[in-house]
Amino acid sequence: MSILITGSGLIGAQTAKLFVDKGDKVILYDIAPRPADISEIVDTNKITIVRGDILDLPFLLSIIREQEVDTVVHTAALLPAALLQNLYAGLRINVEGFTNILEASRQMDVRRVVFTSTIGVYSRDGDGNTSETMDENFPVRPGSLYGMTKLMCESIGSNYFNKHGLDFVALRFANVLGPWNGPLFTATGPLFKEMIGKPLKGEEAKIEKPSPIVTNGEWLYSKDAARALLLAGKKEGLTERFFNIGMGRVYHISEMVEIVKDLIPGASISLGTLPIVPARAYNLDRSKRELDYSPEYDLKRALSGYVDWLRARAN
Ligand SMILES: NC(=O)c1ccc[n+]([C@@H]2O[C@H](COP(=O)([O-])OP(=O)(O)OC[C@H]3O[C@@H](n4cnc5c(N)ncnc54)[C@H](O)[C@@H]3O)[C@@H](O)[C@H]2O)c1
């Protein structure tokens with residue numbers, strides 16, 4: 001297969017590795033690729049890195065044609081903090097950029113487009129739904145502009161599927177953590193800098209006001225995110241379009257702190273007053289049934305892998 005992966009960050013680079021391991025041809029397409037950071041995740045001799053903007057439709061078309069792309073995995077986007085800093089550009093990149101991906105894929109008869117959506121499309125209070133877990137039919141009502149851009153992309157993707165028969169699949173990822181040296185524009189970036197980065201340097205960590213999504217939430221290791229994208233890119237005969245991808249349970253930040261203390265002996269981490277944040281875990285039945293996806297990493301295993309990677313980099 002010839003796979004175009006847009007975005008070569010935390011998730012895109014990891015996904016490139018899994019497709020390469022399967023023997024596929026991989027093109028990583030990014031407006032600002034970071035070859036040194038990418039090479040920590042995947043052998044850059046085995047992939048093609050293309051510097052390009054997803055807002056540039058003619059260039060996208062030429063790359064898909066030249067590289068005979070049959071599957072697109074779309075991860076390029078502005079994440080929450082970057083979107084808020086660059087609102088106008090962010091709306092264009094997330095929504096118009098993805099529309100370009102769909103349009104280029106339609107014109108070039110791409111076999112399938114896999115989109116990276118978010119748990120942030122779901123209503124936080126449930127809008128009257130009282131189930132204990134969230135399946136893919138749980139009410140959607142994003143609480144952020146970022147979540148709204150993702151929900152809009154899901155709708156545009158569905159439209160391309162219904163109107164043009166373009167095979168479109170969206171994975172709704174939980175909060176992702178994992179090895180990556182580039183910038184992180186989610187709430188996890190500052191949290192891990194404090195909670196893990198400081199104890200690794202022997203400094204005291206103080207977590208004063210964690211954001212709701214990290215206080216009590218569903219998580220996902222980047223290697224599981226990449227494996228879900230690989231499965232979604234390759235599986236034939238899918239009958240569903242939307243899939244929850246996470247660990248299948250909610251972790252409170254106090255549990256996370258205990259895990260980090262076990263992983264970094266002597267770590268001193270204090271937690272400020274925590275807001276009460278109700279949260280529901282993901283129901284993963286559909287992803288298991290259709291994609292064969294089950295998480296290989298729970299939070300302890302994920303944090304252990306991440307801390308090991310940080311330690312190895314520091315040496
Ligand atoms: N990280 C998470 O917690 C999380 C959770 C849910 C969903 N997602 C989604 O998964 C996807 C990947 O997330 P990530 O954590 O790897 O993000 P990331 O910020 O590490 O990577 C995104 C990449 O997109 C590139 N990009 C931005 N604008 C572009 C443009 N105009 N043209 C080409 N490339 C462009 C950036 O340079 C960057 O390398 C995103 O769509 C994100 O919304 C992430």
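Nine of the 12 residues in helix 1 are buried, so this helix is largely enclosed by the rest of the structure. Please keep in mind as you read that the model is predicted.

**Helix 1 and the ligand**

Let's stay with helix 1 for a moment. Its buried residues are Leu10, Ile11, Gly12, Ala13, Gln14, Thr15, Ala16, Leu18 and Phe19. From its first C-alpha to its last, helix 1 reaches 18 Å, close to the 16 Å expected at 1.5 Å a residue. Just after the helix, Gly23 takes a positive phi of about 90°.

Which element gives the largest share of the shell around the ligand? That is helix 1, with three residues. The shell holds 28 residues, and those that come nearest to the ligand are Gly7, Gly9, Ile11, Ala77 and Val176. Two or more residues each are given by helix 1 (10–21), helix 5 (87–107), strand 5 (112–118) and strand 8 (175–177). Sorted by class, the shell has 14 nonpolar, 12 polar and two charged residues. Ile11 appears twice in this picture: it is one of the buried residues of helix 1, and it is among the residues that come nearest to the ligand.

**The seven-stranded sheet**

Now to the sheets. One open sheet has seven strands in the order 3-2-1-4-5-7-11, with parallel pairing. Strand 3 (48–51) and strand 11 stand at its edges with a single partner strand each, so one side of each is left without a neighbour in the sheet. On average, neighbouring strands here are turned by 20° against each other, direction ignored.

At one edge, strand 2 (residues 25–30) pairs with strand 3, and Leu28 stands opposite Ile49 in strand 3. Further along the order, strand 7 pairs with strand 5 and is also joined to strand 11. In these pairings, Ser117 has Arg172 of strand 7 as its bridge partner, while Leu171 has Phe243 of strand 11.

How many residues of strand 7 (residues 168–173) are buried? Six of the six are, so strand 7 is largely enclosed by the rest of the structure. Phe168, Ala170 and Arg172 point one way from the strand, and Val169, Leu171 and Phe173 point the other way.

**The three-stranded sheet**

A second open sheet is formed by three strands in the order 8-10-12, and its pairing is mixed. Strand 8 and strand 12 (250–252) are the edge strands, each pairing on one side only. The twist averages 55° from one strand to the next. Strand 10 (residues 216–221) pairs with strand 12 in the antiparallel sense, and Asn216 stands opposite His252 in strand 12. Helix 12 (residues 299–314) packs on this sheet, where it touches strand 8, strand 10 and strand 12. The direction of helix 12 makes about 60° with that of strand 10. Strand 8 also links this sheet to the ligand story, as one of the elements that give two or more residues to the shell.

**Strand pairs at a glance**

Here are the pairs with their bridges.

| Strand pair | Sense | Bridges |
|---|---|---|
| Strand 2 and strand 3 | parallel | four bridges |
| Strand 5 and strand 7 | parallel | six bridges |
| Strand 7 and strand 11 | parallel | four bridges |
| Strand 10 and strand 12 | antiparallel | three bridges |

How values were computed. Residues numbered from 1 in each chain as written. Predicted model: local features only at pLDDT ≥ 70, side-chain atom pairs only at ≥ 80, totals over all residues. Near = placed C-beta within 6 Å. Nonpolar A, V, L, I, M, F, W, Y, C, P; charged D, E, K, R; others polar. Expected span 1.5 Å × (residues − 1). Buried ≥ 20, exposed ≤ 12 C-beta atoms within 10 Å, placed from the backbone. Pairing = 2+ DSSP bridges. Axes fitted to C-alpha atoms, helices over the stretch in contact; angles between N-to-C directions. Contact = placed C-beta atoms within 7 Å.
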